[in-house]
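Student: Could you take me through one part of this structure slowly? I would love a close look at the cysteines and then at what surrounds them.

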Amino acid sequence: MTEIYHNPRCGKSRQTLKLLHERGEQVTVVEYIKFCPSREKLKEILKKLNMQAEDIIRKGEPIYQEKYKGKALGEEEWIDAMVEDPILIERPIVVKAGKAAIGRPPEEVISIL
């Protein structure tokens with residue numbers, strides 16, 4: 001099973017979901033803005049991505065500019081920020097078989113399928 005952490009308002013997220021369907025993947029769609037992953041799930045995803053929390057923060061989001069810009073937060077604090085404001089999480093993230101990739105561009109996820 002393939003999971004996509006998806007925002008239907010995002011063009012790259014929609015393109016990545018389409019690519020997964022075109023490749024015949026069975027996909028579980030997680031609309032992470034409505035159903036934010038837990039702290040533990042975010043940590044699992046980060047480990048699979050081989051990234052730090054700050055690496056997947058969307059710094060162009062207004063909420064980032066208002067609440068977080070210029071702050072030196074640690075790993076746990078960034079994870080707390082993503083749980084509190086899930087719009088900060090880069091999208092889309094695809095997870096399959098212990099691996100994860102960010103679909104920017106959408107073709108980046110092919111390597112884990």
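Tutor: Let's begin with C10, which is buried, with a relative accessible area of 5%. That value is under 20%, the cut-off for buried, so C10 belongs in that class. Keep in mind as we go that this is a predicted model. The other cysteine to look at is C36, and at 26% relative accessibility C36 counts as partly exposed. Are these two joined? A disulfide needs two cysteine sulfur atoms within 2.5 Å, and the nearest cysteine sulfur to that of C10 belongs to C36, 16 Å away. C10 is therefore in no disulfide. Seen from the other end, C36 is in no disulfide either, with the sulfur of C10 as its nearest cysteine sulfur. The count of disulfides comes to 0.

Now find C36 again, this time as a neighbour of M82. The residues that M82 touches, leaving out those up to four places away in sequence, are C36, L42, L46, A53, I56, I57, L88 and I89. M82 is also one of the residues with the most contacts inside the largest nonpolar core, together with I56 and I93. That core has 22 residues, and the elements giving two or more residues to it are α2, α4 (75–84), β3 and β4. Apart from it lies another core, of 8 residues, among them L17, L20, A101 and V109. As background, nonpolar side chains in soluble globular proteins tend to be buried together.

Next, the sheet. It is an open sheet of 4 strands in the order β2-β1-β3-β4, and its pairing is mixed. At the edges are β2 (27–31) and β4 (99–102), each of which pairs on one side only. On average, neighbouring strands of this sheet are turned by 20° against each other, direction ignored.

Look at β1, residues 2–6, which pairs with β2 in the parallel sense over 5 bridges. Along that pairing, T2 stands opposite V27, and E3 has T28 as its bridge partner. With β3, β1 runs antiparallel, and 4 bridges join them; here the bridge partner of Y5 is I93, a residue you have already met in the largest core. β1 is mostly covered, with 4 of its 5 residues buried. From β1 the chain crosses through α1 to β2, and this β-α-β crossover is right-handed.

Two helices lie across the strands. Helix α1 (residues 11–22) lies across β1, β2 and β3 (93–96), running at about 165° to β1. Helix α2 (residues 39–49) lies across β1, β3 and β4, and runs at about 85° to β4.

Finally, some details of the backbone. In the loop between α4 and β3 you will find P92, and the peptide bond from R91 to P92 is cis, with omega near -15°. P105 sits in the segment after β4, and the bond from R104 to P105 is cis too, with omega near 0°. N50, in the loop between α2 and α3 (62–67), has a positive phi of about 60° although it is not a glycine. N50 is exposed, with a relative accessible area of 69%. A97, in the loop between β3 and β4, is not a glycine and has a positive phi of about 50°. At 71% relative accessibility, A97 counts as exposed.

Note on methods
Residues numbered from 1 in each chain as written. Predicted model: local features only at pLDDT ≥ 70, side-chain atom pairs only at ≥ 80, totals over all residues. Heavy atoms only, no water. Pairing = 2+ DSSP bridges. Axes fitted to C-alpha atoms, helices over the stretch in contact; angles between N-to-C directions. Contact = heavy atoms within 4.5 Å. Core = buried A, V, L, I, M, F, W, Y, C linked by side-chain atoms within 4.5 Å. Buried < 20%, exposed > 50% of the residue type's maximum accessible area, 1.4 Å probe, protein only. Right-handed = clockwise from strand over helix to strand, strands pointing away.
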